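Here is a short note for a colleague who is opening this entry for the first time. Please keep the sequence and the model side by side while reading the points below.

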Amino acid sequence: MADRYFFDRPITASHATLDGPEAHHLIHVMRIRPGDQIIVFDGSGSEFAATVSRLDRRTVALDIGPRREVDRELPSSVEIGVALPKGDRGRWLVEKLTELGVTRIVPLTTVRSVVRVDEKSLGRLRRGVVEASKQCGRNRLLEITSPQPWQSYVESAAAPWRLVAHLAPSGTTPLAISVSAGAELAIAIGPEGGLIDEEAEAAVAAGWRIVGLGPRILRVETAAVALAAWAADQVMTAADARSQQHRPA
Ligand code: SAH
């Protein structure tokens, strides 16, 4: 895939100017020249071939080619509610969930969460989404919402499939589930210190199904990535099965 650059404003005209870190990278790292071609996207679901027309020390002027709708999203929405781990592990998690096609991350605060997500750390995580999207080809950005308390999240999540990863003492339901085509999924994962019983019970009371990933204690990010990969496979398989059914024999 050609080098991709992100515009934080909608691309609507045949000329556009990149500035900020994206322009810095093109000018000082890639040493771009007038006439060079790149791909740009603005998170709206499309991408554009663009040709460098002019550049100075801080900005790159581009001639923008026709809009190309290139959809690399999952066929239906997958949301991950997670008490984010600290620092690099949180950033790693956001990168991997972006690559796997997750639609939305809802940072959760729980009784045993250690990390408080503030505007500054949200900004850094959202920048990580852009970087991962440039690399993996997504033209829509994974959304990171503002943090929500566990209780209100499990009570308000609207997806028809709602699964909570939990190590129940009596053993947990394995992932022997097949979601139907078009069904949206929400998956909740607890913090490093685990969910307290009341939190798991609140989820079950709100219609969430407890799922297990075996008898080992996984890191938050391992559980989140494993479940996101499983969910991506489920929604893609369901969509494929539906399109096979509708194909004329
Ligand atoms: N000491 C904690 C461990 C938390 S692990 C405890 O006993 O609960 C962090 C989170 O990852 C958990 O809250 C759960 O959501 C998920 N998780 C980790 N291992 C899991 C497993 N084997 N099955 C299901 N969920 C798991």
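1. In this predicted model, Ala165 of strand β10 has Val211 as its bridge partner in strand β12. The two strands, β10 and β12 (residues 209–211), run in the parallel sense and are joined over three bridges.

2. Strand β10 also pairs with strand β11 (residues 185–189), again in the parallel sense, and here the pairing extends over five bridges. Within this pairing, the residue of β11 that stands opposite Trp161 is Leu185.

3. Is strand β10, which spans residues 161–165, mostly covered or mostly open? It is mostly covered, since five of its five residues count as buried, where buried stands for a relative accessible area under 20%. In a regular strand, side chains alternate between the two faces of the sheet. For β10 both faces are covered, with Trp161, Leu163 and Ala165 buried on one side and Arg162 and Val164 buried on the other.

4. Ala165 appears once more at the ligand, where it is among the closest of the 18 surrounding residues, together with Gly190, Leu213, Gly214 and Arg216. The ligand itself sits in the largest pocket.

5. Several backbone atoms approach nitrogen atoms of the ligand: a polar backbone atom of Leu213 is 2.9 Å from a ligand nitrogen, a polar backbone atom of His166 is 3.4 Å from one, and a backbone N or O atom of Gly214 lies 2.8 Å from one. Taken alone, the ligand exposes 550 Å², and the protein buries 87% of that area.

Methods:
Residues numbered from 1 in each chain as written. Predicted model: local features only at pLDDT ≥ 70, side-chain atom pairs only at ≥ 80, totals over all residues. Heavy atoms only, no water. Buried < 20%, exposed > 50% of the residue type's maximum accessible area, 1.4 Å probe, protein only. Helix = DSSP H or I, 4+ residues; strand = E, 2+ residues; numbered from the N terminus. Pairing = 2+ DSSP bridges. Near = heavy atom within 4 Å. Polar contact = N/O pair within 3.5 Å; in protein donor to acceptor, adjacent residues only side chain to side chain. Areas by Shrake-Rupley, 256 points an atom, 1.4 Å probe, with all protein chains shown as cover. 1 Å grid on protein atoms, 1.4 Å probe; cavity = no way out; pocket = protein on both sides within 12 Å on 5 of 7 lines; lining within 4 Å. Sits in = over half its atoms within 2 Å of the grid points.
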